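Look over the sequence and the model below before reading on. The text then goes from the interior outwards to the strands and a helix.

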Amino acid sequence: MGAYKYLEEIWRKKQSDALRFLLRVRAWEYRQGKKVQKVSRPTRTDKAHKLGYKAKQGYTVLRVAVRRGGRKRPNSKGIVFGKPKNQGINQLKFARNLRSVAEERAGRHAMNLRVLNSYWINQDATYKYFEVILVDPSHVAIRNDPRINWIVNPVHKHRERRGLTSAGKHHRGLRVKGHRANNTIGGSHRAAWKRRNTKTMRRYR
């Protein structure tokens with residue numbers, strides 16, 4: 001087995017003594033830092049390279065801390081001036097996953113970069129920590145590399161805000177295959193419903 005295979009096996013066994021100790025120490029270190037912090041190299045080298053990272057100019061990695069837990073409805077004094085159905089305040093859940101939130105925050109932090117992908121690195125009782133891989137679309141090393149220069153195209157600006165990254169596709173329900181994905185044919189549940197419920201007539205018939 002190569003070195004990356006060993007790394008992969010270590011990260012699979014998160015309850016092992018070595019990794020439990022490492023994660024605990026690192027969680028303490030991350031808590032002392034900023035919520036969005038640039039790191040010099042990826043913590044999980046094997047995972048980063050699987051997701052498209054290259055150790056060359058034009059690639060950047062940011063560590064992002066996202067607060068765990070559900071989403072409280074931001075109503076003054078917990079009063080919803082509406083129907084009883086909408087009066088819940090506390091036990092509500094945010095529609096997107098925390099990894100996509102981390103990607104969005106990284107994209108806001110580094111506006112001139114493009115978000116490529118992200119992965120989990122740590123968590124404690126309060127935060128989940130993710131590392132986000134970003135690419136500089138104006139860097140000559142990126143523009144001249146045929147494997148990554150697709151991201152230079154302007155349609156990929158802020159992919160993370162439009163649900164186009166891997167985490168974004170996950171919360172859009174596009175990770176399902178086969179007959180269970182029938183309700184997302186056409187891009188989303190809403191697109192599928194709209195297409196099936198719209199009567200289209202040919203102009204000359």
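**Core and sheet**

This is a predicted model. Its largest nonpolar core has 18 residues, and those that touch the most other members are Tyr59, Leu116, Ile133, Val135 and Ile148. Strand 2, strand 3 and strand 4 each contribute at least two residues to this core. With four residues, strand 4 gives the most. In soluble globular proteins, nonpolar side chains tend to be buried together.

Leu116 can serve as an example from this core. Leaving out residues up to four places away in sequence, Leu116 touches Leu51, Gly52, Tyr59, Ile133, Leu134, Val135, Ile148, Trp150, Ile151 and Arg159. There is also a second, separate core, made of 17 residues, and among them are Val101, Ala106, Val115 and Leu134.

The next topic is the sheet. Four strands make up an open sheet, arranged in the order 1-2-4-3 with antiparallel pairing. Strand 1 (36-39) and strand 3 (114-123) are the edge strands, as each pairs on one side only. On average, neighbouring strands of this sheet are turned by 25° against each other, direction ignored. Strands of a sheet pair through backbone hydrogen bonds.

Strand 2 (residues 59-67) and strand 4 (residues 127-135) run antiparallel and are joined by nine bridges. In this pairing, Tyr59 stands opposite Val135 of strand 4. Helix 2 (residues 17-32) packs on the sheet, where it touches strand 2, strand 3 and strand 4. The direction of helix 2 makes about 120° with that of strand 3.

Methods:
Residues are numbered from 1 along each chain as its sequence is written. This is a predicted model: local features need pLDDT of at least 70, side-chain atom pairs count only at pLDDT 80 or more; totals for chains, interfaces and linings use all residues. Side-chain values use heavy atoms; hydrogens and water are left out. Two strands pair if DSSP finds at least two bridges between them. Axes are lines fitted to C-alpha atoms, for helices over the stretch in contact, and angles run from 0 to 180 degrees between N-to-C directions. Contact means heavy atoms within 4.5 Å. A nonpolar core is a set of buried Ala, Val, Leu, Ile, Met, Phe, Trp, Tyr and Cys residues joined through side-chain atoms within 4.5 Å. Buried means under 20% relative accessible area, exposed over 50%, partly exposed in between (1.4 Å probe, protein chains only).
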